[in-house]
Amino acid sequence: MVNVNIKIKYVVAVGLLAAFFLLSKNHVLAQNEPKFIFSWKTTNYVPADFQGKILPSKTSFVEVGFDLVDGNKIVDLSRNEITWHLNNNFLRIGIGLKTTSFQAQPSGQTVRITVSDYKGRDLIYNASIPTTNPDLVIDAKTVSRDLKLGSYLLTALPYYFNAANLSEINLNWLINGQAPAQQISPDIISLDLSSQGTPQETDFPISVSARNTLNQLEMASRKINFTVK
């Protein structure tokens, strides 16, 4: 019985050792696999202090590119054929073609890159890039929609418009259905609630709409209902 137990323990130990060896080997192989370093960008308009990733909206042009890293070194692909697909449709092919561009699709896009005949095999990489809609935010410098008597500056912040700068975006403000009395600039208005005659416990809406002057179909709007306390 003792010999049987020893034999069982020996078989288990050998099995565990073999499994550990296979896992370690696979881990090393995975680490040694070539890696794609993929990047993309678009030039849609966002406010100057925006620190996030600028997303494409439909009809935006998106620039994409990649590097291939193998053994901690960037690979020279100047002699390799590289094929690009967009949403499973052929986009472009060329020798050493590591960058390309395309027009964003309304429902988003999947990019597929194929590097042909790298060390005797083809390498394939897939990446997804979302598409968003132009957006508009009203910045009132307050976390509450209940406003006390005083003066306020309200700023319209457009996001993801296909525009080079704010001058290409037409902004239209309304305060309780009326044009603002004090408009400092197209994107900033002044709201004066300092008068003692200002009705209190009164709800009033402030809205702003934005339209791309170069593309009338590209628009966004925002409305906030404030209350004077």
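**Notes on a predicted, strand-rich chain**

1. Tyr160 is located in the loop between β11 and β12, in what is a predicted model, where local features need pLDDT of at least 70, side-chain atom pairs count only at pLDDT 80 or more, and totals for chains, interfaces and linings use all residues. Residues are numbered from 1 along each chain as its sequence is written, and side-chain values use heavy atoms, with hydrogens and water left out. Helices (H or I, at least four residues) and strands (E, at least two) are DSSP runs numbered from the N terminus.

2. Let's stay with Tyr160 for a moment. Its phi is positive, about 65°, although Tyr160 is not a glycine. For background, most residues other than glycine have a negative phi. Tyr160 counts as buried because its relative accessibility is 13%; buried means under 20% relative accessible area, exposed over 50%, and partly exposed in between (1.4 Å probe, protein chains only). Thr59, which is not a glycine either, has a positive phi of about 80°. Thr59 lies in the loop between β1 and β2 and is partly exposed, with a relative accessible area of 37%.

3. Now the overall picture. The protein has 1 helix and 16 strands, and 35% of its 229 residues count as buried. Which share of contacts between residues at least 6 apart in sequence joins residues at least 24 apart? The share is 61%, with contact meaning heavy atoms within 4.5 Å. About 14,500 Å² is exposed, and carbon and sulfur atoms supply 54% of it; accessible areas come from the Shrake-Rupley method with a 1.4 Å probe, and for residues only the protein chains shown count as cover.

4. On to the nonpolar cores, each a set of buried Ala, Val, Leu, Ile, Met, Phe, Trp, Tyr and Cys residues joined through side-chain atoms within 4.5 Å. The largest has 25 residues, and those with the most contacts inside it are Leu154, Trp173, Leu191, Phe204, Ile206 and Phe226. Two or more residues come from each of β9 (135–139), β11, β12 (169–175), β14 (188–192), β15 and β16 (215–228). A second, separate core of 21 residues includes Trp40, Val64, Phe66 and Ile113. Back in the largest core, the contacts of Phe204 beyond four places in sequence include Leu147, Ile175, Leu191, Ile224 and Phe226.

5. Ser209 is in strand β15 (residues 202–212) and counts as partly exposed because its relative accessibility is 30%. Ser209 and Trp173 are 36 residues apart in sequence, yet their C-alpha atoms are 6.7 Å apart. Beyond four places in sequence, the contacts of Ser209 are Leu136, Asn170, Leu171, Asn172, Ala220 and Ser221.

6. The aromatic rings deserve a look. Rings of Phe, Tyr and Trp (its six-membered ring) pair if their centres lie within 6.5 Å; planes under 30 degrees apart count as stacked, over 60 as edge-to-face and the rest as tilted. The count comes to 8 aromatic pairs. For Phe50 and Tyr159, the centres are 5.6 Å apart and the planes at 75°, so this pair is edge-to-face. Phe50, in the loop between β1 (35–42) and β2 (61–70), and Tyr159, in strand β11 (residues 151–159), are 109 residues apart, so the pair links distant parts of the chain. Tyr159 also pairs with Tyr160: their centres are 5.9 Å apart and their planes at 55°, so that pair is tilted. Elsewhere, Phe36, Phe38, Phe66, Trp84 and Tyr125 form one aromatic cluster.

7. One charge-over-ring case: the charged end of Lys53 sits over the ring of Trp40, 4.4 Å from its centre. The criterion is NZ of Lys or CZ of Arg within 6 Å of the ring centre and within 35 degrees of the ring normal.

8. Finally, two polar side chains. Asn44, in the loop between β1 and β2, counts as buried because its relative accessibility is 6%. Its side chain makes polar contacts with the side chains of Ser57 (3.4 Å) and Ser60 (3.0 Å). A polar contact is a pair of N or O atoms within 3.5 Å; within protein, one must be able to donate a hydrogen and the other to accept it, and residues adjacent in sequence count only if both atoms are side-chain atoms. Asp70, in strand β2, counts as buried at 15% relative accessibility, and its side chain makes a polar contact with that of Tyr118 (2.6 Å).
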